[in-house]
Amino acid sequence: MPSGKTDKATIVDNKDGTVKITYEPKEEGAHEISLRYNDEPVDDGPIVFYVDSVGSAKKKITAYGPGLTRGLVGEQNKFTINTGGLGSAKLNVTVEGPSKTQVELSDNRDGTITVSYSALVPGEYKIKISFDGKQVVGSPFITEINDEGRQRSHLNVGRASEHTLDFKISEEDLKTIDAIIVTPCGLEEPAELKLMKNGQLAIMFTPREQGDHIVNVKRRGNHIAGSPFRFDVLSRDIGDAKQVKVSGKGLKEGKANAENEIIINTKDAGYGGLSVALEGPGRSEILSKEVTDSTIKLSYQPYEPGQYSLMVKYADHVVPGSPFSIKVSGQGTNSQKESFRKFRKLQPVAEPNTECHFSFKQPSVSAYDLSAKIHSPQGSSEDVSIKDKGDFVYQVSFVPKEVGLFALSIRNKEIHIAGSPFPFTVGPLLDFGPHKVRCGGPGLIKGAVNKLNEFDIYTREAGTGELHVVMEGPSKPELKYTDRKDGSCHVGYKVSQAGEYRVSVFFNDHEVPDSPFRTVVMAPTGDVAKIELGPMPPDSMIQLNKPYNMTVIMNGAKGNIEGKVKVPSGKIEDCFASPIDAENWGVRFIPREYGIYQVYIKCKGSHIPQSPLFVRVGHDNADPAAILVHGHGLRAAIVNHATDFIVETCNAGHSMLEVNIEGPSKVSMGCAELDEGYKINYTPLAPGDYLISIKYNGCHIGSSPFKVRATKQPGSRTVADAGSHEISTIAISTTDREAKQKVEHMPKFKSDATRVYCKGMGLKKAFAGKPNTLTVNCSEAGFNMIYVSFLGPNRNTIHECSVKHMGGQIYEVKYTCKDKGDAMLMVKYGDEQIPGSPFKLECV
């Protein structure tokens with residue numbers, strides 16, 4: 001009750017598998033009804049409703065229903081208002097938020113009103129309920145609209161302004177420089193660098209305002225010759241979303257499983273990047289069919305009927321009329337859906353010097369093929385043990401020595417399992433939430449019909465919250481959930497039809513990294529079940545930029561073979577497939593980068609039994625767990641101001657480094673090569689939370705993703721319209737880098753520098769041009785390292801100095817002074833000065 005008191009509701013068994021709950025409120029305000037069955041909380045509880053007194057008779061008006069607290073984009077979100085028989089004539093309901101909404105009231109003729117509303121974009125909405133001109137208690141109600149179950153596809157078409165700078169540079173040197181443009185209003189934005197045919201340096205960027213612009217071009221923090229450069233931006237070059245014209249039959253209605261065209265004209269809109277996103281109840285594809293200097297012809301193909309939302313942005317601003325609401329009709333795929341919700345508890349805090357455990361499941365994998373390594377916050381690593389717990393469940397055990405974020409690498413036959421390296425915090429969680437959930441397992445890649453397919457979800461780093469898993473596809477899945485009580489859980493599914501299924505994972509109503517997962521469920525029957533792969537060449541024989549050939553043995557099966565390959569950087573390309581003879585087909589592709597390739601081979605539209613297969617190109621020494629990142633740009637950011645962070649790739653091998661930044665706006669990104677790795681620059685253009693995902697060799701590094709809040713300074717200008725799910729990406733093909741070898745752990749000494757004493761003529765007076773000697777006695781000070789340095793009268797010169805151990809922790813120190821005047825001798829035992837140090841000497 002609003003006062004904090006508790007009361008009991010009346011429960012009546014309807015004798016049909018349902019119950020009726022009635023309660024007469026005694027107070028005004030927000031109420032919660034907690035539901036328990038067999039003393040266990042019901043997943044969909046508690047029920048929230050609001051009570052107010054209206055009218056001269058002070059009748060109770062009640063508002064309740066899921067639409068008051070949460071809803072889905074594009075769906076009819078509903079809640080109920082009980083007016084106590086006063087009717088709907090004096091009732092007014094409005095919904096305000098990021099998009100326009102349609103609100104409908106339906107009188108149920110029983111004293112209740114059903115309110116339905118639909119929103120086009122996700123975000124926070126305010127529901128205002130008033131009766132007879134007065135807002136009811138609790139109004140406005142805050143509801144969170146998310147895009148759960150909605151699928152999104154997007155397309156970016158760049159149209160940047162190009163300016164040539166008065167500076168010549170080689171292609172190799174281009175990698176080591178970065179550029180930041182400063183506009184007249186103070187906006188700092190990374191610019192893309194380009195090498196012209198004549199060797200001159202050029203920058204490409206989106207003009208945002210008229211006037212004099214400054215370009216700071218730096219190499220390792222220092223300006224290059226001629227920097228900063230200046231150039232002028234004319235008003236006609238500035239990107240203006242208001243001048244963009246969007247037309248076409250597909251703008252208002254579309255057909256499922258058919259191409260629908262729209263035309264976007266940017267003739268009078270200046271320079272800017274075009275961003276198009278289509279969101280709806282099913283998967284869709286957007287293709288750029290024709291691009292001229294000012295006109296882009298696009299086609300989209302949705303696979304399910306329903307209400308879709310088309311968002312069009314130009315130069316980071318929403319074009320007039322966007323988002324466009326599109327009604328898609330026609331026959332869909334009749335997708336079937338199943339889901340569950342489970343509450344995940346906060347796990348006990350892991351302490352240093354106590355044994356920690358991490359469990360995972362790898363069906364059909366032998367313990368002999370598994371290996372694990374733990375990486376400390378300081379970058380050191382050590383092998384850890386793996387214990388077979390039965391039923392292909394394995395447990396990793398280790399004893400951390402310090403507090404911080406560790407990374408746990410788990411490999412199967414030297415290849416990271418899905419989700420590895422896993423983050424593991426020792427001590428209290430400092431960063432938690434949906435972005436820290438990890439998912440992995442073979443069931444997220446492929447499955448088999450009528451068999452239990454499995455995967456794991458790791459919520460330990462995310463803290464407490466509600467886990468929501470949704471799976472949909474050609475047949476209704478049967479879902480099985482097992483809590484391992486250690487911050488991880490196991491999900492199994494069984495389906496009756498083959499095809500592509502979509503697994504969406506949410507935590508506290510926010511989608512977790514890499515979700516949705518697309519898994520291919522196969523049912524090789526008839527001819528397809530006979531097909532197999534021929535002998536595969538060893539990984540050591542695969543060469544970059546040379547064709548990689550595979551043989552597919554048909555074993556009497558009929559049909560054409562087709563193949564696709566997913567390269568390490570994430571792109572999907574076609575393979576070349578052709579018949580060799582009546583029984584064999586050849587499939588080949590040319591690897592252009594190092595890493596793990598996923599090869600998909602189909603016959604008659606169905607995957608062969610061994611598809612997809614993993615091919616390793618080059619020695620896979622690329623280790624995401626060895627990547628170190630640091631910098632202010634991983635902690636906080638300021639809108640319109642450039643920030644950066646460093647990605648250290650030393651000793652991590654060579655592979656594809658991919659950085660994604662997702663948030664309320666696109667960010668301008670740049671990159672420069674450093675000795676130890678790469679510096680990533682970015683500028684957020686709208687306030688809000690951004691997620692920075694860093695992947696190496698296709699895997700998240702241990703601490704990824706990072707949640708960064710961008711704040712806006714008072715009085716600063718906004719140069720982009722805020723939205724949701726705006727993604728900016730930069731990908732870099734790295735090279736091998738070796739860090740200078742250093743001791744990973746310094747020995748711990750027990751010593752007391754105050755018990756060290758010195759004697760000798762070299763402590764009193766020094767003679768120029770001659771060796772001067774003193775003795776340092778450490779015999780009573782414990783053991784440590786001794787440091788001696790001599791600074792002569794000329795303060796910019798450190799003179800020759802030597803230390804010789806005479807035995808019994810007694811050292812002879814010799815130094816030579818070249819000039820006459822005052823000098824200084826410093827003696828340290830460990831990190832501490834000994835008594836009297838630094839000594840002041842006179843050199844004669």
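Reader: Which residue is the bridge partner of Ile127 in S15?

Author: In this predicted model, the partner of Ile127 in S15 is Phe141. Another bridge to S15 starts from Tyr125, whose partner there is Thr143.

Reader: What makes S13 and S15 a pair, and do they run parallel or antiparallel?

Author: Pairing requires at least two bridges between the strands, and S13 (residues 123-131) is joined to S15 by 5 bridges; S13 and S15 therefore count as paired, and they run antiparallel.

Reader: How do you know that strand S10 and S13 are paired as well?

Author: The reasoning is again a count set against a threshold: 6 bridges join S10 (residues 91-96) to S13, whereas at least two are needed, so S10 and S13 pair, in the antiparallel sense. Within this pairing, Val95 has Ile127 of S13 as its bridge partner, and Ile127 is also bridged to Phe141 in S15.

Reader: Why do S13 and strand S14 count as a pair?

Author: S13 and S14 (residues 134-135) are joined by 2 bridges, and because the requirement is at least two, that number meets it. One of the partnerships is that of Phe131 with Lys134 in S14. The hairpin formed by S13 and S14 has 2 residues between the strands, and Asp132 takes a positive phi near 60° in it.

Reader: In which sense do strand S8 and strand S15 pair?

Author: S8 (residues 70-72) and S15 (residues 141-146) pair in the parallel sense, over 3 bridges, and Gly71 stands opposite Ile145 in S15.

Reader: Turning to the interior, which residues touch the most other members of the largest nonpolar core?

Author: Phe645, Tyr682 and Ile692 do so, in a core of 28 residues. Strands that each supply at least two residues of this core include S62 (643-648), S65 (677-684) and S69 (726-733), while S66 gives the most, with 4 residues.

Reader: What makes Ile692 a buried residue?

Author: Ile692 is a member of that core, and core members are by definition buried, so its relative accessible area must be under 20%. Leaving aside neighbours within four places in sequence, Ile692 is in contact with Phe645 and Tyr682, among others including Val659, Ile661, Phe706 and Val708.

Reader: Which residues are among the 26 of another core, apart from this one?

Author: Among them are Ala241, Ile262, Ala269 and Ile286.

Methods: Residues are numbered from 1 along each chain as its sequence is written. This is a predicted model: local features need pLDDT of at least 70, side-chain atom pairs count only at pLDDT 80 or more; totals for chains, interfaces and linings use all residues. Side-chain values use heavy atoms; hydrogens and water are left out. A nonpolar core is a set of buried Ala, Val, Leu, Ile, Met, Phe, Trp, Tyr and Cys residues joined through side-chain atoms within 4.5 Å. Buried means under 20% relative accessible area, exposed over 50%, partly exposed in between (1.4 Å probe, protein chains only). Contact means heavy atoms within 4.5 Å.
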